[in-house]
Amino acid sequence: MGDQLLVGVNGAGGRMGQRVAVLVYQDQDLKLGAALESDNSPVLGKDAGEVAGIGPIGVEIQSELTDRVDVIIDFSLPAGLMKVAGICAERQIPLVAATTGLTPEQRNEVLTASQTTPLILAPNMSLAVNLMMKLVREAAHSLKNSPGGVDVEVIERHHRFKEDAPSGTALHFGEIIADEMGQTEHIHGRHGRPGPRPTCEIGYHALRTGDNVGEHTIVFGMMGETIDLTVRGHTRDSYVYGALAAAKYLATQGAGLYTMADVLGLN
Ligand SMILES: NC(=O)C1=CN([C@@H]2O[C@H](COP(=O)(O)OP(=O)(O)OC[C@H]3O[C@@H](n4cnc5c(N)ncnc54)[C@H](OP(=O)(O)O)[C@@H]3O)[C@@H](O)[C@H]2O)C=CC1
Ligand SMILES: O=C(O)C1=N[C@H](C(=O)O)C[C@H](O)C1
């Protein structure tokens, strides 16, 4: 149909990229217009649908964007996002950037794309996780002046294949907490004899086990009681649903930086 949104997916051969191809194919408002991978990917030249396990859909995986698309969804690796962000900025293609593990410099470079095109850069596209971010901000704000002090730790669990740690989601939870409570130190694990825990710390702990698609627990530890807030994904599709909603949202916006809260109505 002429009014379908043409979606490009960057990282088409990956765990997330394959699910994007499937759920775009199943969405009557969307059509897969391009499937991108690195120039040394073993799936170049293959049909994106076949790689994703749903049979041929007539979209060949390529390393360069040659077709017109209305929006690009990126679930790749930092190098892949950097490349596609430059393309989107130049061609004014809205970009849903989901890749994590960026350096601060890479993040800042991706963000410049919002000067010429609509952009969302979010470590987590899930509705439950983004709502949990709102809940964690509220909890941090309410607890920040607790008389006995509050120790906050972030525990994340992911599949054994995840390349970056801690997760981008965990780091963003930490940013929210520090913004509300004022912690200045972010420490990753503990070993040896670190001594008593300073109150200025947020601790991060990354578990890598099995096929866990993503679980985050924020621990607010006080004297005499503890609050654990946990959100867990059941399948990767929880992230893709958010990414597709973000793509539809950006397609209606002008150049600028937007958030998943804008997309999901969580403001
Ligand atoms: N924001 C969110 O909601 C979510 C974000 N993520 C993030 O998405 C990213 C991908 O996760 P996942 O799918 O599990 O990882 P995978 O490694 O399975 O997929 C990444 C894909 O990107 C490809 N790739 C690598 N370099 C490039 C490049 N230069 N251009 C285009 N494609 C490239 C890889 O190809 P090759 O294998 O050949 O290198 C691979 O197929 C991670 O950073 C993850 O943290 C994941 C889930 C949710
Ligand atoms: O690699 C993953 O799988 C995920 N990565 C993202 C992150 O690093 O926060 C989002 C989600 O947790 C799944």
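Domain bounds, as used in these legends, come from an automatic or database domain assignment.

**Figure 1. The predicted model, split into its two assigned domains.** Everything here comes from a predicted model. The assignment gives domain 1 as 5-125 + 236-264 and domain 2 as 127-233. On the confidence side, the chain averages a pLDDT of 97, with 99% of the residues scoring at least 70. The model's ipTM is 0.99 and its pTM is 0.98.

**Figure 2. Close-up of where domain 1 meets domain 2.** Put the C-alpha centres of the two domains on screen and they sit 28 Å apart. Contacts link eleven residues of domain 1 with 14 residues of domain 2. Between them, the domains bury about 1100 Å², and 51% of that is on carbon and sulfur atoms. Which three residues supply 40% of the area that domain 1 buries against domain 2? They are Pro 123, Asn 124 and Arg 236, and no other three residues supply more.

**Figure 3. Close-up of the largest pocket.** This one has a volume of about 970 Å³. Its lining runs to 44 residues, and those nearest the centre are Met 16, Phe 75, Ser 76, Leu 77 and Thr 99. Helix H1 (15-26), helix H3 (78-91) and helix H6 (168-181) are the elements that give two or more residues to the lining. H3 has the largest share, with six residues. If you're thinking about chemistry, the lining of the largest pocket breaks down into 16 nonpolar, 19 polar and nine charged residues. Domain 1 and domain 2 each put at least three residues into that lining.

**Figure 4. Close-up of the second largest pocket.** Here there's about 790 Å³ of space. Of the 30 lining residues, Arg 107, Leu 121, Pro 123, His 172 and Glu 175 come closest to the centre. Helix H4 (104-111), helix H5 (127-143), H6, strand E12 (256-258) and helix H8 (260-264) supply at least two lining residues apiece. The largest share, five residues, belongs to H6. By class, the lining of the second largest pocket holds 16 nonpolar, ten polar and four charged residues. Where does this pocket lie relative to domain 1 and domain 2? Both domains give residues to the lining, so the second largest pocket lies between them.

**Figure 5. Pro 123 and H6, two features to pick out again.** Pro 123 is among the residues closest to the centre of the second largest pocket, and Pro 123 is also one of the three that supply 40% of the area domain 1 buries against domain 2. H6 gives two or more residues to the lining of the largest pocket, and H6 makes the largest contribution to the lining of the second largest pocket.

Key:
Residues are numbered from 1 along each chain as its sequence is written. Chains are lettered from A and ligands numbered from 1 in the order in which they are written. This is a predicted model: local features need pLDDT of at least 70, side-chain atom pairs count only at pLDDT 80 or more; totals for chains, interfaces and linings use all residues. Side-chain values use heavy atoms; hydrogens and water are left out. On a 1 Å grid over the protein atoms alone, a cavity is a set of points where a 1.4 Å probe fits but cannot get out, and a pocket is an open set with protein on both sides within 12 Å along at least five of seven lines; lining residues have an atom within 4 Å of a point. Grid points are joined across faces, edges and corners, and a volume is the space filled by probe spheres set on the points. Helices (H or I, at least four residues) and strands (E, at least two) are DSSP runs, numbered from the N terminus. Ala, Val, Leu, Ile, Met, Phe, Trp, Tyr, Cys and Pro count as nonpolar, Asp, Glu, Lys and Arg as charged, and the others, Gly among them, as polar. pLDDT is the predictor's confidence in each residue, from 0 to 100. Contact means heavy atoms within 4.5 Å. Buried area is the accessible area (1.4 Å probe) that two parts lose on being put together, summed over both.
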